[in-house]
Structure formats: structure tokens, C-alpha cells
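Thanks for coming. I have a few minutes on one structure, and I will go through its helix packing and its empty spaces. Please have the sequence and the model open.

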Amino acid sequence: MTTHRAAHVSVDAMIDDLRTLVEVESPSRDLDALTASAKAVAAVIESRLGGQAVLVESEAGPHVHWSAGGDPTVLVLGHHDTVFPLGTLERRPFKVEGGHATGPGVFDMLGGLVQAVHGLATLDDRSGVEILVTADEEVGSGSSRALLEERALACGAVLVLEGAADGGGLKTGRKGCGTFQVSVTGRASHAGLEPAAGINALIEAAHQVLDIAALGRPGIGTTVTPTVASAGTLDNVVPAEATVVVDVRVESVGEKERIESAFAALAPHLDGAEITVRGAVGRPPMPESASAELFALAKQLLPDLEGRAVGGGSDGNFTAALGVPTLDGLGAVGGGAHADHEYLVVEAMAERANLVAGLVKAIRNT
């Protein structure tokens, strides 16, 4: 059985809709831009699927929710915010050349949205299907998490439109991920006249970086990576403050708990220094068991599909943690997420659109 019904999916029409969405820039946290983007997403959905796409207002910008009606069966999940600041489009406009579509957000994840909508449009019966396109996935999904979890539980199966893994594979597992900020408070003094009178926050931060880095266990998939540090005010002042930001990725709930406990237990090395820790592993791990049932259906549709566990997180982490079957990486085939060389493979668009449609039919028939 195959999902490839190219006669029913117009690549040209998908490219037109993709251009429309890319050319409405949508950086996270820019409420005006996200409002315009949400309206554009809603318009594309309504023009291809009919019905009404509802804008769900939030402090992070509008989420877009569409339902075909009937008993909820499957949630098609994506986001319309991107990591690129306003003005990126002028420097890197949308274009199609050499079999690739390029422009800010084509791969992560506007291409996936367009493909899914066009795939669903091929279905004679769309009852039970819901689409949720959030406005804050790139910044942690703080305002959308409750809504997406509610709809995932109601539907009972989730298809996530994030870009494909390398080579077009589906994402069958994801690490849990989070960010921690370790703030150090010391005491300023003159670096030449009274260096010993100070408490050097930078030296304390250096101790903490070594302690933090030692928490990683790469052999079981746990990475703990200090990424950003700042300290000091002037070159002749003992720094009174320092900050270290840390990226954490884990494959198991047990490691999530261990890492969070370890950060909470960090203690100063220098007398008088104080440490404050904020953060958590905000996205729980998505185990491969969460995707097994849906991936098996996908393999029936496209036997050559591969599944891969990846390090990055998505909203699929949240739905999988609820016990809801979740399959990720169903969006665009391409690469360069969050980078200037981001691209989408045009030739793969029809097959991916039909894969989403085929999965929806298979889920409803199980």
C-alpha cells in the first residue's frame, strides 16, 4: 500500500501556500507578527479544508485551532512561530531553485503545515481530525502546553509536523530537554587595591561550570552543556555577579530527576558566595515506545521509512509524556533548521502530504 497519489496533491499549490506563510514573518514573542502569521495560517487552512480556524489568544500570541467535527480521533500538531527576527526575509527571501525551497521557516516548520493541510484536503471524510498550530513552540510552549495536552488527550493520537530527520526519516523518540540558569552573587572590590576584600563571582562560576559539566553521562544519552556565561563590569573590579546558562538533554525520566536534583544541590566553593538556580528539564523525554504503534502504521504506508531517535525536543515530548501515541518528524524533508541554509526538498512534498492523509485514515480504521 502506498500513500503516493500525486494527482490529488498539487505541488504548485503547496508552494504558493508556503510562500504566503513564509512571507509573513513570525518570530517568537513578537505579538504583532504572530497575530498576522496566525491569520495567514488560518486562511490557508480554511481555503483548503473549509470550516473555521479559530484563533486562540494567549500571552505568547494566537494559536490556531481547526476541527473537522465529529468525535476527536487524531490531532495534527504544529507551530507557526520561527526563530528568525524580523528583517530576515529581506536578506533571505523565499525562492524555489534547484529542487529546494528556501526562506525563513520553510523547514521548521511552515512546510510541514502546508503539506499536512494539502494532504488532509485529499480526504473525503475528515471527521475526527483536529489541527493545532501553536505560537510559542520555539520558546518552550509555556502558553500552549495546557491546550495541546487537552486536545491530545481528547483525540488519542498525535501527528507532529516537525521537519523530518536526516534522509527523510520519522522521529520516533526525542530526548527531554531543558535550560538552567545558575546565578552567582559575590562581592565587588578594587582588583588592585583590595582584591582579597572581594568575593570573585567569576571564579565561583568557573568552579560551578566544572561541577555542572561533570553531571553529563553521554553513554546513556545525558548531555549537560554550559552554553552562555557572563560576569564582571570593569577590568579593575572584582566581579560581584556572574551567570551561567546550561543546556540539558536526557533520554529517561530517571535522568531528568537526577539532573534537576543535582542542580538544586549545587553549593558554592568560595566563602560568602551565593548561588541561585532556575530552570528545569521542561520537555520530558519522548520514549520510542510512544511512537511504536503509529510508526508501524507509517511503515505499512511507506515500507522504506526509517525511524530515528533525536536529541532535539518538540511539543511531541509533552503529548508522549501523557501516554498518547505520538509520531514526530512528519513535516518537510530538508535540513538547516534555525540556520541560514534552511531548505525544503520540493520533490518530497507530495509524498509527505499523502503520508499524513494515509496515517489519518489508518488511525481511524484501527
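Before the first space, one term: a cavity is a set of grid points where a 1.4 Å probe fits but cannot get out, and its lining residues have an atom within 4 Å of a point. Keep in mind that this is a predicted model.

Let me start with the second largest cavity. Two helices, α2 (31–49) and α4 (106–121), each supply at least two residues of its lining. Which of the elements gives the most to that lining? It is α2, with 3 residues. The full list for this cavity is L21, V41, V44, I45, L113, V117 and V133. By class, those residues are 7 nonpolar, with no polar and no charged ones. The space inside is about 30 Å³.

How many cavities of 30 Å³ or more are there? The count is 2. The largest cavity has a volume of about 50 Å³. Around the largest cavity you will find L21, V22, V24, E25, S26, T82, F84, P104 and L110. That lining has 6 nonpolar, 2 polar and 1 charged residues. L21 deserves a second look, since it lines the largest cavity and also lines the second largest cavity.

Now the helices. Two packed helices are described by the angle between their axes and the distance between the axes.

The first pair on my list is α1 and α2. Helix α1, residues 11–22, packs against α2 at an angle of about 160 degrees, and the axes are 9 Å apart. An angle over 145 degrees counts as roughly antiparallel, so α1 is roughly antiparallel to α2. Their crossing is right-handed. On the α1 side the contact uses A13, D17 and L21, and on the α2 side A40, V41, V44 and R48. Sorted by class, this contact has 5 nonpolar residues, no polar ones and 2 charged ones. L21 turns up here again, as part of the contact.

Next, take α2 with α4. Their axes come within 9 Å and cross at roughly 20 degrees. Are these two roughly parallel or roughly antiparallel? Angles under 35 degrees count as roughly parallel, and α2 and α4 are therefore roughly parallel to each other. This crossing is right-handed as well. From α2 the contact takes V44, I45, R48 and L49, and from α4 it takes V117, H118, L120 and A121. The classes here are 6 nonpolar, 1 polar and 1 charged. Notice that V44, I45 and V117 are in this contact and also in the lining of the second largest cavity.

The last pair is α4 with helix α10, residues 349–365. The axes come within 7 Å and cross at roughly 60 degrees. α4 and α10 are therefore oblique to each other. α4 passes α10 in a right-handed crossing. The residues that touch are Q115, A116, G119 and L120 of α4, with M349, R352, A353, V356, A357 and V360 of α10. They divide into 7 nonpolar, 2 polar and 1 charged.

Two points of backbone geometry come next. Most residues other than glycine have a negative phi, and most peptide bonds are trans. Which peptide bond is cis here? The one from D108 to M109 is, with omega near -5 degrees. M109 is placed in helix α4. The other point is R29, which has a positive phi of about 75 degrees although it is not a glycine. R29 sits in the loop between α1 and α2.

I will finish with the open space. The largest pocket has a volume of about 760 Å³. It is lined by 31 residues, and those nearest its centre are C177, R249, G312, G313 and H338. Which elements give two or more residues to this lining? They are α4, β8 (170–174), β9 (176–185), β11 (241–250), β12 (274–283) and β15 (334–335). The lining of the largest pocket divides into 9 nonpolar, 11 polar and 11 charged residues. For contrast, go back to the second largest cavity, where the lining has no polar and no charged residues.

If you follow one helix through the model, take α4: it supplies lining to the second largest cavity, packs against α2, crosses α10 and gives residues to the largest pocket. That is all I have.

How values were computed:
Residues numbered from 1 in each chain as written. Predicted model: local features only at pLDDT ≥ 70, side-chain atom pairs only at ≥ 80, totals over all residues. Heavy atoms only, no water. 1 Å grid on protein atoms, 1.4 Å probe; cavity = no way out; pocket = protein on both sides within 12 Å on 5 of 7 lines; lining within 4 Å. Points joined across faces, edges and corners; volume = space filled by probe spheres on them. Nonpolar A, V, L, I, M, F, W, Y, C, P; charged D, E, K, R; others polar. Helix = DSSP H or I, 4+ residues; strand = E, 2+ residues; numbered from the N terminus. Axes fitted to C-alpha atoms, helices over the stretch in contact; angles between N-to-C directions. Parallel < 35°, antiparallel > 145°, perpendicular 65-115°, else oblique. Left-handed = near helix turned anticlockwise from the far one by under 90°. Contact = heavy atoms within 4.5 Å.
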